[in-house]
Amino acid sequence: MGEHRLNLSTLVFSVAIIILVSYSAKSQALKHSPRFLGKLATTGNHFAPPQFHYETRYFQQRLDHFSFSELPTFSQRYLISTEHWVGPQRLGPIFLYCGNEGDIEWFAQNTGFVWELAPRFGAMVVFPEHRYYGESTPFGSAKEAYKDATTLSYLTAEQALADFSVLITDLKQNFSAKDCPVVLFGGSYGGMLAAWMRLKYPHIAVGALASSAPILQFEDIVPPETFYNIVSNNFKRESFTCFNYIKQSWNEITSTGQTYNGLERLTKTFNLCQKLKSTGDLYDWLESAYSYLAMVNYPYPSDFLMTLPGHPIREVCKRIDGFPAGTNILERIYEGVNVYYNYTGKEKCFELDDDPHGMSGWDWQACTEMVMPMSSNQDSSMFPPYEYNYTSFQEECWNDYGVKPRPKWITTEFGGHDIHTTLKKFGSNIIFSNGLLDPWSGGSVLQNISESVVSLVTEEGAHHIDLRPSTQNDPRWLVEQRETEIKLIEGWISDYHQKNKAIFDM
């Protein structure tokens, strides 16, 4: 394939009310971290029985890799499997998944592609956990680690990449595997880390598969309305009527909430376990459902986040549109979001607060370096209109953590502006894979950069679908995408061996 783009024949009112809704949505937007999936990866919540065999180990990491102060170390959890590794004598590769913002076991169980490749390549598999998540919390406990800006200050992407690099270097030494090539994998934030690690530590890894990695979702590199436009287009392509019902529902929620006992009525309509405190909380709950539905709009049934049917947005719109004329809009909306929150029918009521202890490390990251501007356009989006307001965002972060964001740090540290030129000159052996149904695809690399920095784009793909375990229901385009990725990875390893042999022969 000269061009690594898959052809697929063969991607979250009256004037007075508009102002009110816009203000409310804007206020809510300040509380929104960009929506990756890691906040759902909490121990014990979603884990199916292990499909893959691995050993759980721990490694003592420096708290700060970039100073020489004698600070406490912390225990980093990692999962490792040598079941299929052919060993150092045969230069068996090491596949390392860059842990995301959540429990590493959840990511391991949902990254079947890596496990399926291991026997084919004779590879060792390593899943290191990202610092401050899962069991890898410094200072002895999550409560202490999340205490304030001082203890949280070591939660950065740079420190995480250094963790991965130190760990893999130590493992290679312990396994006498100094000459074994390392291939990086990652999805979403983990995909960003995989791409950045390949760029920052090219001597550590020979290549990286960065799936659904929005490395361009910073500053003004992509329009801030991109994410919510893609979410909206997911619904619009299924049903323009459904799109309009959702767009109109925000006004209905606001007007209902302003009436006598309006919050009680909304609580009953949406079957909430606790009395609704504000319409903004309901906004957030609904917006999260729509955004996550777009991210996991897979063509087959899945239970990645929730138990969902194939093409879940199609099912949502079918339910929203299926009521007879004259049905209240909010009844339609409730029935639609039930596809996401209660497809099994087992939930008796819904809790809006999914992080009651406020221990979301991603909120800290979003308030410091992972500053991803988001806005909603009145014309193209089904969400309430609002403009990204950095000043208000900065105030929110100061109130929450006592820190000021550094919105230009990521592009300073890793690049982003004029990415084509940068990667063409300095990058190699990176796959950026994206599905255009995924709202994060708009912030990723969607064009080939060079022969070795390639973009695999699928029109019907969703959030890092290529990293999911294979199924009998995989469409042909997904099978072809994975075959292309395998060939590219084979090429990286082959080139590495040839170069090593040439050096040895000299």
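How many bridges join S7 to strand S8 (residues 453-458)? Six bridges do, and the two strands run parallel. Let's start from that pairing and look around; please keep in mind that this is a predicted model.

**The chain as a whole**

The protein chain has 18 helices and eight strands. It holds 506 residues, of which 57% count as buried. Its accessible surface comes to about 21,500 Å², and carbon and sulfur atoms account for 51% of that area.

**Strand S7 and its partners**

S7 spans residues 430-435, and six of its six residues are buried, so the strand is largely enclosed by the rest of the structure. Buried here means under 20% relative accessible area. In a regular strand, side chains alternate between the two faces of the sheet. In S7, Ile430, Phe432 and Asn434 point one way, while Ile431, Ser433 and Gly435 point the other way; all of them are buried.

Besides S8, S7 also pairs with strand S6 (residues 207-211), through four bridges and again in parallel. The table sets out the two pairings, with a bridge from each.

| Strand paired with S7 | Bridges | Direction | An example of bridge partners |
|---|---|---|---|
| S6 (residues 207-211) | four bridges | parallel | Ala208 and Ile430 |
| S8 (residues 453-458) | six bridges | parallel | Val454 and Ile431 |

Two residues of S7 thus appear by name: Ile430 is the bridge partner of Ala208, and Ile431 has Val454 in S8 as its partner. Ile430 and Ile431 point opposite ways from S7.

**Helices H8 and H9**

Now for a pair of helices. Two packed helices are described by the angle between their axes and the distance between the axes. For helix H8 (residues 226-238) and helix H9 (residues 240-257), the axes come within 5 Å and cross at roughly 130°. That crossing makes H8 oblique to H9.

Which residues meet there? From H8 come Ser232, Phe235 and Lys236, and from H9 come Phe240, Cys242, Phe243 and Ile246. The residues of this contact divide into five nonpolar, one polar and one charged.

**Tyr245, a residue of H9**

Helix H9 is also the place of Tyr245. What does Tyr245 contact, leaving aside its neighbours within four places in sequence? The residues in contact with Tyr245 are Ile320, Asp321, Ile329, Arg332 and Ile333. One of these, Ile320, lies 75 residues from Tyr245 along the chain, yet the C-alpha atoms of Tyr245 and Ile320 are separated by 7.8 Å.

Note on methods:
Residues are numbered from 1 along each chain as its sequence is written. This is a predicted model: local features need pLDDT of at least 70, side-chain atom pairs count only at pLDDT 80 or more; totals for chains, interfaces and linings use all residues. Side-chain values use heavy atoms; hydrogens and water are left out. Buried means under 20% relative accessible area, exposed over 50%, partly exposed in between (1.4 Å probe, protein chains only). Two strands pair if DSSP finds at least two bridges between them. Axes are lines fitted to C-alpha atoms, for helices over the stretch in contact, and angles run from 0 to 180 degrees between N-to-C directions. Angles under 35 degrees count as roughly parallel, over 145 as roughly antiparallel, 65 to 115 as roughly perpendicular and the rest as oblique. Contact means heavy atoms within 4.5 Å. Ala, Val, Leu, Ile, Met, Phe, Trp, Tyr, Cys and Pro count as nonpolar, Asp, Glu, Lys and Arg as charged, and the others, Gly among them, as polar. Accessible areas come from the Shrake-Rupley method with a 1.4 Å probe; for residues, only the protein chains shown count as cover.
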